[in-house]
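Q: Hi! Could you walk me through this one? I'd like to start with what sits in the middle.

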Amino acid sequence: MPGASSGGHPPIVVLTGAGISRESGLATFRDPDGIWARFRIEDVATPEAYARDPERVLAFYNARRRGMTADDVRPNAAHLALARLEAEWPGGVTVVTQNIDDLHERAGSRNLIHMHGELLKARCTSCPDVRPWRNDIRVDHACPACGALGALRPHVVWFGEIPLGLDAIDTALGACGLFVSIGTSGNVYPAAGFVRQVRMLGRARAVELNLEPSEGATLFERARYGPASETVPAFVDDLLARGLAAAG
């Protein structure tokens, strides 16, 4: 978690959404040509869908997992810039991501909270086991920990479920001096409410880096719009060179 402010370098919280991974070749969700334009949420991304037709739900996520691990899917300049910021910013950086890919980890980020889970992990519904899982999940797979058949599911947060790490996120937001939102639509809660939370506390500046204004754009003090692979590295360069003044 972020530590105490180091001089003029207060803790930073960075929220990332699908827009940061788009340039790595991963589809977004809510764009006109995004994933939810081709699949119905209630068919593939709810606990009820999994209970009703687990094979269909697993097939949906198996396809996404295979796409995520393709050779041409790699961290882009935005992911790498955030890893550099974490390594060089004295006050500490926490990345809170809505993404279920592993691109932040592959870029070098370590202080990371996956609030919507991780697709490259499997979770057992019969025991607490969560473990790395890069291959397809099938309904006839047995849990490696407890042996239960048909109990494995992707370690992702479905619609209607509570996001992960909310207590840790709340602590980080309460301590930060800068909140940066990157590649988010601004209409998925609770993440869409983070900027309002930090503004109400009155201690943090808020910056939006996005391809276009999000639904919550007016809540940010400053914004830069354009591809994440351009706006994020430039912002990080400014921040490391000029400190918090670059966000003012």
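Q: Which residues touch the most other members of the largest nonpolar core?
A: Ile-12, Leu-178 and Val-232 do, out of 24 residues in that core. A nonpolar core is a set of buried Ala, Val, Leu, Ile, Met, Phe, Trp, Tyr and Cys residues joined through side-chain atoms within 4.5 Å, and buried means under 20% relative accessible area with a 1.4 Å probe, protein chains only. This is a predicted model, where local features need pLDDT of at least 70, side-chain atom pairs count only at pLDDT 80 or more, and totals for chains, interfaces and linings use all residues. Residues are numbered from 1 along each chain as its sequence is written, and side-chain values use heavy atoms, leaving out hydrogens and water.

Q: Which element gives the most to this core?
A: That's α9, with five residues. Helices (H or I, at least four residues) and strands (E, at least two) are DSSP runs, numbered from the N terminus.

Q: And what does Ile-12 touch?
A: Its contacts (heavy atoms within 4.5 Å) include Leu-85, Trp-89, Leu-178 and Leu-239, not counting residues up to four places away in sequence.

Q: How many residues are in the second core?
A: This separate core has 23 residues, among them Tyr-50 and Trp-133.

Q: New topic: what's the strand order in the open sheet?
A: The six strands run β3-β2-β1-β7-β8-β9, with parallel pairing; two strands pair if DSSP finds at least two bridges between them. At the edges, β3 (112-114) and β9 (222-225) each pair on one side only.

Q: How many bridges join β1 and β2?
A: Five, and the pairing is parallel. One partnership links Thr-16 to Thr-97 in β2.

Methods
Buried means under 20% relative accessible area, exposed over 50%, partly exposed in between (1.4 Å probe, protein chains only).
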